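Reader: I am a first-year student, and I should be grateful for a close look at one part of this structure. Please take the charged side chains as the starting point, and then follow their neighbours as far as they lead.

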Amino acid sequence: MTTHSEPRPAPLLAVEDLRVHFPVRGGWLGAQRGIVKAVDGFSLTISAGETVALVGESGCGKSTAGNAILGLAEPSGGRIVYEGIDLAGAAPRRRAELRRQMQVIFQDPVSALNPKLTIGQSVAEPLVVAGVPANERRRRVDELLDLVGLKASQKDRYPNELSGGQRQRVVIARALALSPKLLVCDEPVSALDVSIRSQILNLLMRLQQEFGLAYLFISHDLSVVRHIADRVVVMYLGVIVEEGEAETVFSSPAHPYTEALLAAIPLPDPKEQRRRKAIVLEGELPSPLDPPAGCRFVTRCPIREAGCAAVRPSLVPTPQGSRAACLVRFPAQ
Ligand SMILES: Nc1ncnc2c1ncn2[C@@H]1O[C@H](COP(=O)(O)OP(=O)(O)OP(=O)(O)O)[C@@H](O)[C@H]1O
Ligand SMILES: [Mg+2]
């Protein structure tokens, strides 16, 4: 983690007004029935060595945003700028080079690894694609396995011979093979046993310190990001409702949705738990096929007012020091 007193350098990645819309077809002759606005005006920056946590309920568009950054989902609008270069406008070769500096760790290490390849072969795969000679590849695979806490002697094993935590270590080793600068970690510990989650989180933090890696850490579970995030971005139905330094967002949430998310995390101290305001979200996340026209949170918001359904709030600075999009609390827009 970076310390908060350091001046923030120019961003490694800048996402500007990203939109990812999916046409929904069905019915007679597959006519278009609507548009799922999975990501609908999403802006974010990540600096070198920084951990930005992207949080929100299931279906709010976190993975779609991450996938668009990685080039795995087609943006419908907006810009993805890496080291000052707009990826959409870059020559294909340059774009591929830059994309190589961004790697991904998905939730499920079982489906991320080919069961027919040994651990060594899986970790070597990106090096083969990049044309690294065989002898150097062998040395690098041993080095990568050591970095993630696996033994070089395990490289002839197959994924089904390893535990879940070991498999995720292999996935991390493979993601590091080409020395990336940014890792998109999409729920990297959600599929793992609770007992080994902290081991994998500690490994990610150690690797970050050693290599100055930046992380976009996607999670629906705020308790997971609490100890690792420098900044937190809270997403609701395709848009950002709050963002700020992790300490600020966790200690004084500004948006009612952030408050509700935080209220769902159990506190270790039962007395503190009883003192905390009970904020329970009503109902489910509405469909992104037909999102509310004004504030997207209006249908479930405990402090909504008449104007909220009509006007879409923008992110504005809050007295807490974060930025939040709420017309009732921060009406100066
Ligand atoms: N290819 C697609 N076509 C149509 N709709 C899609 C597609 N991919 C995602 N969606 C929809 O976009 C919305 C956002 O999905 P996304 O997977 O990004 O959410 P998420 O925040 O990552 O959720 P989770 O926490 O469950 O992983 C959902 O309503 C989903 O159904
Ligand atoms: Mg997801």
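**Salt bridges and their surroundings**

Author: In this predicted model, a search of the whole structure finds 18 salt bridges. A few of them repay a close look.

Let us begin with Arg19 and Asp40, whose side chains meet in a salt bridge with an N to O distance of 3.3 Å. This pair links distant parts of the chain, for Arg19 belongs to strand β1 (residues 13-25) and Asp40 to strand β2 (residues 32-46), 21 residues apart. The two partners can also be described by their accessibility. Arg19 is partly exposed, at a relative accessible area of 27%, whereas Asp40 counts as buried, at 3%.

Asp40 has a further partner: Arg312 forms a salt bridge with Asp40, and the closest N and O atoms are 3.8 Å apart. Here the distance along the chain is 272 residues, from Asp40 in strand β2 to Arg312 in the loop between α11 (270-275) and β11 (316-317). Arg312 has a relative accessible area of 38% and is therefore partly exposed.

A separate pair is found between Arg231 and Glu243, whose side chains meet in a salt bridge of 3.5 Å, N to O. Arg231 lies in strand β9 (residues 231-236) and Glu243 in strand β10 (residues 239-245), so this salt bridge ties together parts that are 12 residues apart in sequence. Both Arg231 and Glu243 are buried. To return to Asp40, salt bridges that share partners join Asp17, Arg19, Asp40, Arg296 and Arg312 into one network.

Asp17, a member of that network, deserves a remark on its backbone. Asp17 is found in strand β1, and its phi is near 50°, a positive value in a residue other than glycine. Most residues other than glycine have a negative phi. As for its accessibility, Asp17 has a relative accessible area of 36% and is therefore partly exposed.

A positive phi is also found at Leu237, about 45°, although this residue is not a glycine. Leu237 lies in the loop between β9 and β10, the two strands that hold Arg231 and Glu243. With a relative accessible area of 1%, Leu237 is buried. Its C-alpha atom is separated by 8.4 Å from that of Asp40, although the two residues are 197 residues apart along the chain. Residues up to four places away in sequence aside, Leu237 touches Cys60, Leu285, Pro286, Ser287, Pro288, Pro291, Pro292 and Arg296. Arg296 also belongs to the salt-bridge network described above.

What, then, of a charged residue without a salt bridge? Glu187 is found in the loop between β7 (182-186) and α7 (194-211). Glu187 is buried yet has no salt bridge, and the nearest side chain of opposite charge, that of Lys62, is 4.5 Å away. That distance may be set against the cut-off, since a salt bridge needs a side-chain nitrogen within 4 Å of a carboxyl oxygen. The side chain of Glu187 does have a polar contact of 2.6 Å with the side chain of Ser190. With residues up to four places away in sequence left out, Glu187 touches Lys62, Gln107, Ile218, Ser219 and His220.

Lys62 leads on to the ligand. There are 13 residues around ligand 1, and those that come nearest are Ser58, Gly59, Lys62, Ser63 and Thr64. Among these, Ser58 has a side-chain N or O atom 2.5 Å from an oxygen atom of ligand 1. For Gly59, a backbone N or O atom lies 2.7 Å from an oxygen atom of the ligand. In the side chain of Ser63, an N or O atom is 2.8 Å from an oxygen atom of ligand 1. On its own, ligand 1 has 640 Å² of accessible area, of which the protein covers 61%.

Two elements, β2 and α1 (62-70), each supply at least two residues of the shell around ligand 1. The largest share, three residues, comes from α1. This helix is mostly covered, as seven of its nine residues are buried: Lys62, Thr64, Ala65, Gly66, Ala68, Ile69 and Leu70. After α1 comes Gly71, whose phi is positive, near 85°.

The path thus runs from Asp40, which forms a salt bridge with Arg312, by way of Glu187, which has no salt bridge, to ligand 1 and the residues around it.

Methods: Residues numbered from 1 in each chain as written. Chains lettered and ligands numbered in written order. Predicted model: local features only at pLDDT ≥ 70, side-chain atom pairs only at ≥ 80, totals over all residues. Heavy atoms only, no water. Helix = DSSP H or I, 4+ residues; strand = E, 2+ residues; numbered from the N terminus. Buried < 20%, exposed > 50% of the residue type's maximum accessible area, 1.4 Å probe, protein only. Lys, Arg positive; Asp, Glu negative; His and termini not counted. Polar contact = N/O pair within 3.5 Å; in protein donor to acceptor, adjacent residues only side chain to side chain. Contact = heavy atoms within 4.5 Å. Near = heavy atom within 4 Å. Areas by Shrake-Rupley, 256 points an atom, 1.4 Å probe, with all protein chains shown as cover.
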